[in-house]
Amino acid sequence: MVLTPQERMQAAEEAVQQLRESLAGVGVLFPSLGVDGVSAAGTHGLPLVDLGRCNLDTALRLAAVLHERARA
């Protein structure tokens with residue numbers, strides 16, 4: 001099945017929203033989380049999700065959440 005450009009972008013935006021909500025649920029915020037514009041302009045595959053940059057506090061929070069999950 002080949003997706004239209006609009007379907008590809010919608011799928012990417014939905015994935016970003018799900019990731020944003022999941023991260024927020026554990027207290028992690030990536031301010032620049034979004035769809036990668038360059039890959040969204042392509043015609044093959046799905047666009048990439050750009051996690052963007054985060055500060056030290058966010059990196060440590062994410063590491064803590066991942067560590068807790070790994071121990072569970």
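## A walk through the structure, starting at Leu51

Leu51 has its place in the loop between β2 and α3. Strand β2 covers residues 49-50, and helix α3 covers residues 56-71. Please keep in mind as you read that this is a predicted model.

Is Leu51 buried, partly exposed or exposed? With a relative accessibility of 40%, Leu51 counts as partly exposed, because that class lies between the 20% limit for buried and the 50% limit for exposed. Setting aside residues up to four places away in sequence, Leu51 touches Leu19, Phe30, Ser32 and Leu33. Gly37 is 14 residues from Leu51 in sequence, and their C-alpha atoms are 12 Å apart in space.

Leu51 also belongs to a nonpolar patch on the surface, together with Leu19 and Val49. The accessible area of these three residues together is about 200 Å².

**The overall layout**

Let us step back to the chain as a whole. The protein chain has three helices and two strands. Read from the N terminus, its elements follow the order α-β-α-β-α. The radius of gyration is 14 Å, well over the 11 Å that the globule rule gives for 72 residues, so the protein chain is more spread out than a compact globule. Along the principal axes, the C-alpha atoms fill a box of roughly 40 × 25 × 15 Å.

How much of the protein chain is made up of buried residues? The share is 15% of the 72 residues. The protein chain exposes about 5500 Å², and 59% of that area is supplied by carbon and sulfur atoms. As for contacts between residues at least 6 apart in sequence, 50% of them join residues at least 24 apart.

**The nonpolar core and its surroundings**

Which residues make up the largest nonpolar core? There are five: Val16, Leu23, Val28, Phe30 and Leu33. Phe30 is a good one to follow from here. Leaving out neighbours within four places in sequence, Phe30 is in contact with Leu23, Leu51, Cys54, Thr58 and Leu62. Among these partners, Leu23 is itself a member of the core, while Leu51 is part of the surface patch.

Thr58, another partner of Phe30, lies in helix α3. Thr58 counts as buried, because its relative accessibility is 9% and the cut-off for buried is under 20%. Not counting residues up to four places away in sequence, Thr58 touches Val28, Leu29 and Phe30. Two of the names in that list, Val28 and Phe30, also appear in the core. Gln6, by contrast, is 52 residues from Thr58 in sequence and 32 Å from it in space, C-alpha to C-alpha.

**Helix α1**

Helix α1 spans residues 5-25, and Met9 lies in it. Met9 is partly exposed, with a relative accessibility of 30%. Beyond its neighbours within four places in sequence, Met9 is in contact with Val35 and Ala40. Ala15 is found in helix α1 too, and its relative accessible area of 36% makes it partly exposed.

The table gathers the residue pairs for which a separation is given, along the sequence and in space.

| Pair | Apart in sequence | C-alpha to C-alpha |
|---|---|---|
| Met9 and Ala41 | 32 residues | 9.2 Å |
| Ala15 and Val49 | 34 residues | 8.0 Å |
| Leu51 and Gly37 | 14 residues | 12 Å |
| Thr58 and Gln6 | 52 residues | 32 Å |

Val49, paired here with Ala15, is one of the residues in the surface patch with Leu51.

**The salt bridge in helix α3**

How many salt bridges does the structure hold? The structure holds one. Side chains of opposite charge can pair when their charged atoms come close. Here the side chains of Arg61 and Asp57 meet, with 3.2 Å from N to O. Both residues lie in helix α3, four residues apart, which is about one turn of the helix. Arg61 is partly exposed, at a relative accessible area of 43%, and Asp57 is also partly exposed, at 44% relative accessibility. Thr58, the buried residue described above, lies in this helix as well.

Conventions. Residues are numbered from 1 along each chain as its sequence is written. This is a predicted model: local features need pLDDT of at least 70, side-chain atom pairs count only at pLDDT 80 or more; totals for chains, interfaces and linings use all residues. Side-chain values use heavy atoms; hydrogens and water are left out. Patches are made of residues with over 30% relative accessible area and no salt bridge: like charges are joined within 9 Å, nonpolar side chains (Val, Leu, Ile, Met, Phe, Trp, Tyr) within 5 Å. Accessible areas come from the Shrake-Rupley method with a 1.4 Å probe; for residues, only the protein chains shown count as cover. A salt bridge is a side-chain nitrogen of Lys or Arg within 4 Å of a carboxyl oxygen of Asp or Glu. A nonpolar core is a set of buried Ala, Val, Leu, Ile, Met, Phe, Trp, Tyr and Cys residues joined through side-chain atoms within 4.5 Å. Buried means under 20% relative accessible area, exposed over 50%, partly exposed in between (1.4 Å probe, protein chains only). Contact means heavy atoms within 4.5 Å. The radius of gyration is taken over C-alpha atoms; the globule rule is 2.2 Å times the number of residues to the power 0.38.
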